[in-house]
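This report describes how the strands of one protein model pair and which side chains meet. Keep the sequence and the structure in view while reading.

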Amino acid sequence: MKLKRAYNPVRFLCVLLFASLVMACEQDVVTVETENHQQAIQAWRAARHERLNKPDGWLTLVGLEWLEPGETRVGRSADNDVQLGGGPDYWGTVVLKDGQLSFQSLDSERVEINGHALSQSRLVPDTEGEPTVISSGTLSFNIIFRESYALRIKDSQASALKNFKGVDNYPIDQSWRIEGSFIPATEGAVLEITNVLGQVYESEVFGTFEFKKNDKTHQLLGLGTRDSEKLWFIFADRTNGHGTYGAGRYLYSDGMPVNGQLTVDFNKSYNPPCAFNPYSTCPIPPQSNRLDLLVLAGEKDFHPDSY
């Protein structure tokens with residue numbers, strides 16, 4: 001278990017930034033007003049399915065293009081720096097200069113900036129708030145930052161979305177709704193998290209969830225802050241690659257710890273975005289969150305008919 005202490009203001013800001021990014025990876029937090037566990041999980045799954053079906057969801061990602069400083073021409077024509085699958089031949093130019101991003105449109109009649117016909121605009125990346133969206137027809141892109149800037153490209157008519165029928169799940173099993181002990185982390189403790197690109201970040205650890213299953217004690221480190229409504233777990237188990245997604249799954253707790261106790265329902269374990277497309281930048285489970293346990297609950301592996 002590799003925990004560190006945040007020791008300076010700059011690093012602390014980076015920790016908060018990464019925490020906000022990974023916990024926004026997909027907010028599968030659904031509050032269901034029912035005491036019936038079966039109904040609660042069914043409602044959670046329905047809401048999850050609805051989010052995956054959104055026209056700008058994870059199933060619509062069709063590209064990830066890294067930006068170099070200077071000008072990047074974007075459009076359908078092959079002589080652009082980034083060739084898109086539709087819209088006008090020349091959408092415009094993305095400019096990256098001194099850490100600032102902007103877009104200069106070459107076709108403001110067919111290319112919109114946040115839904116408006118504008119000739120140019122500053123581009124807000126996902127690390128600074130709601131990202132600016134450049135769109136034409138079914139295609140769109142926005143800027144993400146993962147150590148460097150990239151275009152995240154989406155198509156609301158992507159084959160993966162059109163062919164989506166749902167995600168298989170294990171049968172609902174209330175025995176996987178587990179109440180365990182919660183051990184608070186030391187103030188300022190952080191955990192190194194690696195994403196699928198091999199980039200390493202630090203995220204603030206709120207504490208350890210300790211629970212018993214199959215006569216053994218298991219532990220998971222929960223990510224979050226005092227302002228969190230739920231704790232986030234990036235975990236792996238012995239079903240990975242044998243029924244569930246090979247790189248692990250994600251899970252939110254049912255609320256925050258109360259009197260040293262925390263409830264975690266593994267029926268709500270869900271696939272990371274990387275299970276649905278090859279263009280996501282998902283965090284992968286740290287060594288401390290690799291369970292020696294078959295978690296036969298939650299979502300199974302997903303195999304899209306087409307990317």
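## Strands, rings and charges

Strand 5 and strand 6 (residues 100–105) run antiparallel and are joined by six bridges. Strands here are DSSP runs of E with at least two residues, numbered from the N terminus, as are helices (H or I, at least four residues). Two strands count as paired if DSSP finds at least two bridges between them. The model is predicted, and local features need pLDDT of at least 70, side-chain atom pairs count only at pLDDT 80 or more, while totals for chains, interfaces and linings use all residues. Residues are numbered from 1 along each chain as its sequence is written, and side-chain values use heavy atoms, with hydrogens and water left out.

**Two open sheets**

Strand 5 covers residues 92–97 and contains threonine 93. Opposite threonine 93, in strand 6, stands glutamine 104. Is threonine 93 buried or exposed? Threonine 93 counts as buried because its relative accessibility is 10%; buried means under 20% relative accessible area, exposed over 50%, and partly exposed in between (1.4 Å probe, protein chains only). Leaving aside residues up to four places away in sequence, threonine 93 touches Glu71, Thr72, Arg73, Ser102, Phe103 and Gln104, where contact means heavy atoms within 4.5 Å.

Strands 5 and 6 belong to an open sheet of five strands, in the order 4-3-5-6-8, with mixed pairing. At its edges stand strand 4 (82–83) and strand 8 (120–122); each has a single partner strand, so one side of each is left without a neighbour in the sheet.

Another open sheet of five strands has the order 2-11-10-9-7, and its pairing is antiparallel. Its edges are strand 2 (61–66) and strand 7 (112–113), each with a single partner strand, so one side of each has no neighbour in the sheet. Within this sheet, strand 10 (residues 139–145) pairs with strand 11 (residues 149–155) over seven bridges, in the antiparallel sense. Phenylalanine 141 has isoleucine 153 in strand 11 as its bridge partner.

**Strand 14 and its partners**

Strand 14 (residues 200–213) is mostly covered, with ten of its 14 residues buried. Strand 14 pairs with strand 12 in the antiparallel sense over four bridges, and there proline 184 stands opposite glycine 207 in strand 14. Five bridges join strand 14 to strand 13 (residues 189–194), again antiparallel; valine 190 has glutamate 204 as its bridge partner in strand 14. The hairpin of strand 13 and strand 14 has five residues between the strands, and glycine 198 takes a positive phi near 90° in that hairpin.

Strand 14 is also joined to strand 15 (residues 216–223), by eight bridges in an antiparallel arrangement. Phenylalanine 209 stands opposite leucine 220 in strand 15. These two strands form a hairpin with two residues between them, and asparagine 214 in the turn has a positive phi of about 55°.

**Aromatic rings**

The structure holds 16 aromatic pairs. Rings of Phe, Tyr and Trp (its six-membered ring) pair if their centres lie within 6.5 Å; planes under 30 degrees apart count as stacked, over 60 as edge-to-face and the rest as tilted. One pair, phenylalanine 209 with phenylalanine 211, is stacked, at 5.1 Å centre to centre and 20° between the planes. Both of these residues are buried. Trp176, Phe209, Phe211, Phe233, Phe235 and Phe266 form one aromatic cluster.

Phe233 and Phe235 point one way from strand 16 (residues 232–235), Trp232 and Ile234 point the other way, and all are buried. Strand 16 pairs with strand 17 (residues 249–252) over four bridges in the antiparallel sense.

**Salt bridges**

What holds opposite charges together here is counted as follows: a salt bridge is a side-chain nitrogen of Lys or Arg within 4 Å of a carboxyl oxygen of Asp or Glu. The structure holds eleven of them, including these three.

| Acidic residue | Basic residue | N to O distance |
|---|---|---|
| Aspartate 254 | Arginine 177 | 3.4 Å |
| Aspartate 237 | Arginine 249 | 3.2 Å |
| Aspartate 254 | Lysine 268 | 3.1 Å |

Arg177, Asp254 and Lys268 are linked in a network of salt bridges. Arginine 177 is partly exposed, with a relative accessible area of 41%, whereas lysine 268 is buried at 14%. Both aspartate 237 and arginine 249 are buried.
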